[in-house]
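Student: I would like to learn how to read burial and contacts from a model of this kind. Could we work through it slowly, one residue at a time?

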Amino acid sequence: MPLLPRKGILAIAAVIDIALNSRGRPVAAKALALRHRLPPRHLEPVLQALVREGILRGIRGPRGGYELAREQRRITVDDILRAAGTTDEVDEVSLTDSHLLSRVVIPALAQAERAFSAALARINVEELARSADGLRKSAGES
């Protein structure tokens, strides 16, 4: 049972890819989509959400694209998931009409969600980018 939605995993991968490949210039959404074998239309809404929440900065123009809006070590996986809008998808449906849900299930799951969120907040982009870069170097990629 996956705990993270596909959209969240995609957002994390996009931010790490940008951290690895920006090298002083924006990373084009098309290049990101190509590397991850995705249609750009799947990626663009995720990237825009990350821009709105200050994780990424969007650069317009023919040499435009995306870059990190703050230092890698200051961006956590929890930040990315919240910015991508994956943490409030369940909140859209009111579940409080049921006593079993409101008094037993939701409080128990809320405690687990807080622990999961705290664990994700300890993982930052700098650590993940360093791991990915090491993997890339050991595989002989550039």
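Tutor: Let us begin with contacts, bearing in mind that this is a predicted model. Leaving aside neighbours within four places in sequence, V15 is in contact with L50, I55, L56, L68, I80 and V125.

Student: Where does V15 lie, and is V15 buried or exposed?

Tutor: Residues under 20% relative accessible area are called buried. V15, which belongs to helix α1 (residues 6–21), has a relative accessible area of 0% and is therefore buried.

Student: How far apart are V15 and Q72 in sequence and in space?

Tutor: Their separation in sequence is 57 residues, while their C-alpha atoms are 9.3 Å apart in space.

Student: How should I read D78, and which residues does D78 touch?

Tutor: The same cut-off, under 20%, applies to a charged residue. D78 is placed in helix α4 (residues 77–83), and because its relative accessibility is 10%, D78 counts as buried. If residues up to four places away in sequence are not counted, D78 touches S117, L120 and A121.

Student: Which residues make the nonpolar surface patch?

Tutor: A patch takes in residues with over 30% relative accessible area. Here L100, V104, V105, I106 and L109 make a nonpolar surface patch of about 410 Å². One of these residues, V105, sits in helix α5 (residues 99–121), and with 31% relative accessibility V105 counts as partly exposed, because that term covers values between the 20% limit for buried and the 50% limit for exposed.

Definitions and conventions
Residues numbered from 1 in each chain as written. Predicted model: local features only at pLDDT ≥ 70, side-chain atom pairs only at ≥ 80, totals over all residues. Heavy atoms only, no water. Patch = residues over 30% accessible without salt bridge, like charges linked within 9 Å, V, L, I, M, F, W, Y side chains within 5 Å. Areas by Shrake-Rupley, 256 points an atom, 1.4 Å probe, with all protein chains shown as cover. Salt bridge = Lys/Arg side-chain N within 4 Å of Asp/Glu carboxyl O. Helix = DSSP H or I, 4+ residues; strand = E, 2+ residues; numbered from the N terminus. Buried < 20%, exposed > 50% of the residue type's maximum accessible area, 1.4 Å probe, protein only. Contact = heavy atoms within 4.5 Å.
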